[in-house]
Amino acid sequence: MSAPTLQQFQSQVSELLLRHRSLLDVVTKYSQSNASVNRAVAKSITECGCIELTARHQGFSADMELDQANRQSKSHMEGHLCEHCRDAIRGEMGKNLFYMTALCNALDINLQEVVNKEAEKCSTLGWFNLT
């Protein structure tokens, strides 16, 4: 079975969402699912311990070249997700994607267009995209 396209997924979400069709319901479920992703990541650190977080100052300076800053940047994460944590986080991300797609549906926004515009912006702006 091949992976569905974004349009197929968006249509599937539209068909499956029986409850929470109200824009307020969708927005709050999306926010709740985002918090669940964050909680699953936190539990992989605090309960399982398969990954550790050691956050330190990145050491960027205003006169630093972008390629140097890119090489210097760290994720602050050590270790690798175990299969249990990977499955839990993947599941929560799936729910988050479901509700983001439901939000697109409620607002009549094409998910593929969202992805295309963001990819175009990333290509155009490169490293400046998130500054």
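So, serine 33: buried or exposed? At 6% relative accessibility, serine 33 counts as buried, because the cut-off for buried is under 20%. Keep in mind that this is a predicted model, so I'm talking about computed values here.

Where does serine 33 sit? It's in helix α2. And what does serine 33 touch, if we skip residues up to four places away in sequence? The answer is Glu92, Lys95, Asn96 and Tyr99.

Now look at tyrosine 30, which is also found in helix α2. Tyrosine 30 comes out at a relative accessible area of 26%, so it's partly exposed. Leaving out neighbours within four places in sequence, tyrosine 30 is in contact with Asn96, Tyr99, Met100 and Leu103. You'll recognise Asn96 and Tyr99 from the serine 33 list. Here's a nice pair to find on the screen: tyrosine 30 and alanine 102 are 72 residues apart in sequence, yet their C-alpha atoms are 8.5 Å apart in space.

Okay, let's take α2 as a whole. The buried residues in α2 are Val26, Ser33, Val37, Ala40 and Ser44. Some of you will be thinking about helix spacing: an α-helix has 3.6 residues a turn, so residues three or four places apart point the same way. What do those buried residues of α2 pack against? They pack against β1, residues 51-53, and α4, residues 83-106.

How about the length of α2? The helix covers residues 23-48, which is 26 residues, and at 1.5 Å a residue it should span 38 Å. Its end C-alpha atoms are 36 Å apart, which agrees. α2 does have a kink of about 30°, centred on alanine 42.

Then the two ends. Serine 22 caps the N-terminal end of α2, with a side-chain oxygen 3.2 Å from the backbone nitrogen of leucine 24. Just after α2 you get glycine 49, with a positive phi of about 85°.

Compare that with α5, residues 111-125. Its 15 residues reach 21 Å from first C-alpha to last, close to the expected 21 Å. At the start of α5, asparagine 110 puts a side-chain oxygen within 2.8 Å of the backbone nitrogen of glutamine 112. After α5 comes glycine 126, and its phi is positive too, near 55°.

On to the core. Which residues make up the largest nonpolar core? There are eight in all: Phe9, Val13, Leu17, Val26, Phe98, Tyr99, Ala102 and Leu103. α1, residues 6-16, and α4 each supply at least two of them, and the largest share, four residues, comes from α4. Tyr99 and Leu103 were both on tyrosine 30's contact list, by the way.

Zooming out, the protein has five helices and two strands, running α-α-β-α-β-α-α from the N terminus. Buried residues are 19% of the 131 in the protein. Of the contacts between residues at least 6 apart in sequence, 70% join residues at least 24 apart.

Last thing, how far to trust it. Mean pLDDT is 87, and 86% of residues reach 70 or more. Confidence is highest in α4, at a mean of 97, and lowest in helix α3, residues 66-72, at 66. Where pLDDT is low, the predicted coordinates should not be read in detail.

How values were computed:
Residues are numbered from 1 along each chain as its sequence is written. This is a predicted model: local features need pLDDT of at least 70, side-chain atom pairs count only at pLDDT 80 or more; totals for chains, interfaces and linings use all residues. Side-chain values use heavy atoms; hydrogens and water are left out. The expected span of a helix is 1.5 Å times one less than its number of residues. The bend at a residue is the angle between axes fitted to the seven residues ending there and the seven starting there. Buried means under 20% relative accessible area, exposed over 50%, partly exposed in between (1.4 Å probe, protein chains only). Contact means heavy atoms within 4.5 Å. A polar contact is a pair of N or O atoms within 3.5 Å; within protein, one must be able to donate a hydrogen and the other to accept it, and residues adjacent in sequence count only if both atoms are side-chain atoms. A nonpolar core is a set of buried Ala, Val, Leu, Ile, Met, Phe, Trp, Tyr and Cys residues joined through side-chain atoms within 4.5 Å. pLDDT is the predictor's confidence in each residue, from 0 to 100.
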